[in-house]
Amino acid sequence: KEKDKLVPRPPVVTVMGHVDHGKTTLLDRIRSTRVAEREEGGITQSIGAYQVEVNGKKITFIDTPGHELFTEMRARGAQATDIVVLVVAADDGVMPQTIEAYNHAKAANVPIIVAINKIDKPNANVEKTKQELVEKLGLIPEEWGGDTIVVPISARTGQGVDELLEMILLVAEMNEIKCYPEGPARAVIIESKLDKKMGPVASAIVKDGVLKVGDAVVASNTYGRVRNLFDDNMRPIREAYPSQPVMILGFEDVPDVHSNVYVVESAEKAKEIVEKRLQRLEAQKQSRKHINLEELMKM
Ligand code: GTP
Ligand code: NA
Ligand code: MG
């Protein structure tokens, strides 16, 4: 019975917004890193996940690209999360991908906190940006009588960033973000690829339980045994805990993004589950073909 008890886990926060509005710079500021400077063309092209500790409390952040090409990644980012931080540059206002990101967050039914960024710029206009939040998104700031938390910040100088982090922890607390800490681990894949040297690689966020090296795992239509786990600094680890971002090596094939990783009792069992899944898939395909043929005959 004890095993079924829900306990709080750190919030997973996805940072979204229009291209170059300062999402990566904000995360750099929070983590004291300099990722944005090293990005090709200054553009984020993949999802990154990082965990930080604020006043002894952990927060997991997911960075997403703002470039219009990456709609799919933004949609997935919003689905894997507990809270969305919508970054809007105060010198640019609400732009097309701000609106798109907002729609993903709304579809995923997660709370939104707005960070109005770049307030250090001489042409920053916080009031006008708030007006646009109301007009273009229907988000009314708390200070105007609405229920949207809006925090003016500068990712460059750090102004307002502590307040934003406090707001994130507050919203996390109000939303009772929980997990099953015991029992078999479950993780959700946010990125996957075939690496020339390492083979299939999956970046995931643990949702329940503790994922361990040696675990037999199933994800989408593939399986494996966890060979290596790496944390968000690419350090090898033995176990990953709820809300922790982790890189998993050991899958036979590349698992689908957004699929769940489940731990099962043995590698044999994992293989059996996947074979059954594939059989079912094949049967579905065949029956569909059959129906189509019948329909065709009637015509
Ligand atoms: P994409 O991931 O490509 O969508 O961009 P992004 O939202 O991650 O923006 P990024 O962090 O790459 O910042 C874009 C540019 O804005 C960079 O030149 C940053 O240095 C600059 N920038 C970000 N935040 C601030 C800020 O608070 N103030 C000022 N003045 N510049 C900022
Ligand atoms: Na950028
Ligand atoms: Mg970026």
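Student: How many residues sit between β9 and β10 in their hairpin?
Tutor: Keep in mind that we're looking at a predicted model. Strand β9 covers residues 186-195 and runs antiparallel to β10, with nine bridges joining the two. Within that ladder, K193 has V201 of β10 as its bridge partner. The link that turns β9 into β10 as a hairpin is made of three residues.

Student: Which other strand is joined to β10 by five bridges?
Tutor: Look at I205, which stands opposite P245. That proline belongs to a strand spanning residues 245-251, and this strand runs antiparallel to β10. So the partner we want, by its five bridges, is β16.

Student: Why is β10 described as largely enclosed by the rest of the structure?
Tutor: Check how its residues, 199-208, are placed. A residue is called buried here if 20 or more other C-beta atoms lie within 10 Å of its own. β10 is largely enclosed because the number of its ten residues that are buried is seven.

Student: Which residues have the most contacts inside the largest nonpolar core?
Tutor: That core has 73 residues, and strand β5 (residues 83-89) gives the largest share, seven of them. In general, nonpolar side chains in soluble globular proteins tend to be buried together. One of the two residues you're after touches A187, V188, I189, I190, V246, I248 and V261, leaving aside residues up to four places away in sequence. The pair is L86 and A204.

Student: Which helix gives the most residues to the shell around ligand 1?
Tutor: The shell holds 22 residues, with G22, T24, T25, T44 and G66 the closest. By class, it splits into five nonpolar, eleven polar and six charged. The helix that gives the most supplies three residues and spans 23-31, and its name is α1.

Student: How many of the nine residues of α1 are buried?
Tutor: Let's go through the names: K23, T24, T25, L26, L27, R29 and I30 are the buried ones. That makes α1 largely enclosed by the rest of the structure, because the buried count is seven.

Student: What phi does S32 take, just after α1?
Tutor: The helix ends at residue 31, and S32 comes just after it. Its phi is positive, at about 55°.

Student: How far apart are the end C-alpha atoms over residues 8-176?
Tutor: UniProt lists that stretch as "domain: Tr-type G", in an unreviewed entry. Over these residues the chain is 36% helix and 22% strand. The end C-alpha atoms are apart by 7 Å.

Note on methods:
Residues numbered from 1 in each chain as written. Chains lettered and ligands numbered in written order. Predicted model: local features only at pLDDT ≥ 70, side-chain atom pairs only at ≥ 80, totals over all residues. Near = placed C-beta within 6 Å. Helix = DSSP H or I, 4+ residues; strand = E, 2+ residues; numbered from the N terminus. Nonpolar A, V, L, I, M, F, W, Y, C, P; charged D, E, K, R; others polar. Buried ≥ 20, exposed ≤ 12 C-beta atoms within 10 Å, placed from the backbone. Pairing = 2+ DSSP bridges. UniProt positions renumbered as here; feature names shortened; annotations may be inferred. Core = buried A, V, L, I, M, F, W, Y, C linked by C-beta atoms within 7 Å. Contact = placed C-beta atoms within 7 Å.
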